[in-house]
Amino acid sequence: MSTNWSLAKRMEKVIDLLSPLVLPLVIIAIWGAATKFGNIEKVILPEPLQVVETFVSLVRSGALLDHLLASFVRIMKGFALGTLAGVSVGIISGFSRRVGRLLNPTIAFIRTIPIYAWIPMLILWFGIGESSKVIAITMGVFFPVHLSTEEGIRNIDVKYIEVAKILRLGRLFVLRKAVVPAALPFIITGIRLGLARAWMVVVVAELIAATSGLGYLISDGRQLFQPDVMVVGMMTIGIAGVAMDALIGRIERRALKWRVRFEGYREASL
Amino acid sequence: MSRSKLQIRNLHKSYASGTGEVVALKEVNLDVKRGEFLSIIGTSGCGKTTLIRLIAGLSNHYQGSIRLNGRSIVGPDLDRGMVFQEHRLFPWLTVEENIALALNGKRSADKGALVREHLDLVGLLGFEKAYPHQLSGGMAQRVAIARALINRPEVLLLDEPLGALDALTRMNMQQELASLWEKEAITMILVTHDIEEALFLSDRIAIMSSRPGTIRKVIDVPLLRPRHRASHNFVTLKEEVMKEFHIEAAETPQDSYEI
């Protein structure tokens, strides 16, 4: 009986591990079938196998790694700056009502303008080099991080603030021991959104003006009628993005081990 | 009146609601003696929580006077500890961190020893590293009591601290509170709607009536300690208090058994 039971448990683990792969495999199958049996030109949609070959050759030549690294460095610079600024300004404007009143209307106004609309302006001011791209990414990261940090700070249960008052805890101490930990789930969600935004902005910036990076690779592929190169570029962005998000997810789980989290129901039925 | 620890005179508190001004407390007068255990009982909405929050200093908008050791209360301070109905432990801190939190500022070298001493006091040694979500309701409330006591307050304010616990745990905790009170010799003020709890713990019981909230009557509880809930005097006194709330007991005090 017990071996049966552990077998069932192991099966469940395998299913749990494999289930994220189901959808990609289905999509690749449909894609393969469409290119094989459908009447689709290869310059419109390449075959999956063609993409794999291009991927291998781009890896071999080192070009893919170079482009990935170029994008990655830009993202890390902008992501670090944007997160730092977003978290610090968010904490201050969330903790102090007056600073919030001073900054938030302006921040909300700028936030509604798509970052992509800023890129031509930033190129005008900072040239087509690295700095305009890094600044665009920084801005793209700043707004979601700031918004969710501030929301998190304001979201703390007043009951804890009352405890802090009863215990006569200093404000900075309360910020450190209560407000920021309470806001941490929000802050981390903001950072994840910021990271996704960083990838979007870097690709757009590289599409507009660059000589390296995955966005440039895609745009180059389009100009040379190489849709396989475009697909490789897109997929590399997706994989790199997911990997970085998973890394943050790990950090999140470690930092929030005090929390009992709803992991979703096991069964699919309602 | 110099013998009284806490002195409340002509306390009046009202607040604005959507439809106008609501009087929460009106002409409340109360004296709490040094080392006394006093309970405030009343139905929900009678203003008893408002009263204890004013004593705690969580609101400054009131008329009249609240004096502790002769000084007006202007805000929270460490001479008053408080335990709320919910444990209000910080979920991201462990049990020992939650208690040590109360020692903020004090750079005492034996912080750890002090924390352990208070954990021992509430019978939770060994749970230092647990997070609040790993504790039962009763255990969490014990930690909250330890947190409130570690600064050695002169008055411990208890705002229905056992209200959310199951009946058995509650009786257990009432015993713990009684022995804590005897051991620590702290003045305690308990807000509750549980008549038996008030009788089990208190030297005196202040009965509140609502709309507007005021203290209708203060009764003495001249029962010896430790108290027994089933004793004749206890039951008689309980019926007396129940009558104050228009709850009539069955016709005769002796229960009739169906055989």
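Which residue of β5(B) does Leu68(B) stand opposite? The partner is Arg71(B). Strand β4 of chain B (residues 63-68) and β5(B) run antiparallel to each other and share two bridges; two strands are taken to pair if DSSP finds at least two bridges between them. Strands here are DSSP runs of E with at least two residues, helices are runs of H or I with at least four, and both are numbered from the N terminus.

A word on the model itself. It is predicted, so to speak of local features a pLDDT of at least 70 is needed, side-chain atom pairs count only at pLDDT 80 or more, and totals for chains, interfaces and linings use all residues. Residues are numbered from 1 along each chain as its sequence is written, while chains are lettered from A and ligands numbered from 1 in the order in which they are written.

Back to the strands of chain B: β4(B) and β5(B) belong to an open sheet of four, ordered β2-β1-β4-β5, with antiparallel pairing. At the edges sit β2 (20-33) and β5 (71-72) of chain B, each pairing on one side only. Helix α1 of chain B (residues 48-56) packs on this sheet and touches β1 (4-17), β2 and β4 of chain B, its direction making about 65° with that of β2(B). Contact is counted when the C-beta atoms of two residues, placed from the backbone, lie within 7 Å. Axes are lines fitted to C-alpha atoms (for helices over the stretch in contact), with angles from 0 to 180 degrees between N-to-C directions.

Chain B also has an open sheet of six strands, in the order β6-β7-β8-β3-β9-β10, and here the pairing is mixed. Its edge strands are β6 and β10 (214-220) of chain B, and neighbouring strands are turned by 20° against each other on average, direction ignored. At one edge, β6(B) (residues 80-83) pairs with β7(B) (residues 155-159) in the parallel sense over four bridges, with Gly81(B) opposite Leu156(B). Arg80(B) and Met82(B) point one way from β6(B), Gly81(B) and Val83(B) the other, and all are buried. Buried means 20 or more other C-beta atoms within 10 Å of a residue's own, exposed 12 or fewer, and partly exposed anything in between, with C-beta atoms placed from the backbone. At the other edge, β9(B) (residues 204-209) and β10(B) run antiparallel, joined by six bridges; Arg204(B) has Asp220(B) as its bridge partner.

The loop between β7 and α5 (167-184) of chain B holds Asp166(B). Asp166(B) is exposed because just 12 other C-beta atoms lie within 10 Å.

What about the inside? The largest nonpolar core (buried Ala, Val, Leu, Ile, Met, Phe, Trp, Tyr and Cys residues joined through C-beta atoms within 7 Å) has 122 residues, and Ile137(A) and Ile55(B) are among those with the most contacts inside it. Helix α8 of chain A (residues 171-208) gives the most, with 16 residues. Leaving aside neighbours within four places in sequence, Ile55(B) is in contact with Leu6(B), Ile66(B), Ile73(B), Arg80(B), Leu157(B) and Ile189(B).

As for the two chains, 17 residues of chain B are in contact with 16 residues of chain A.
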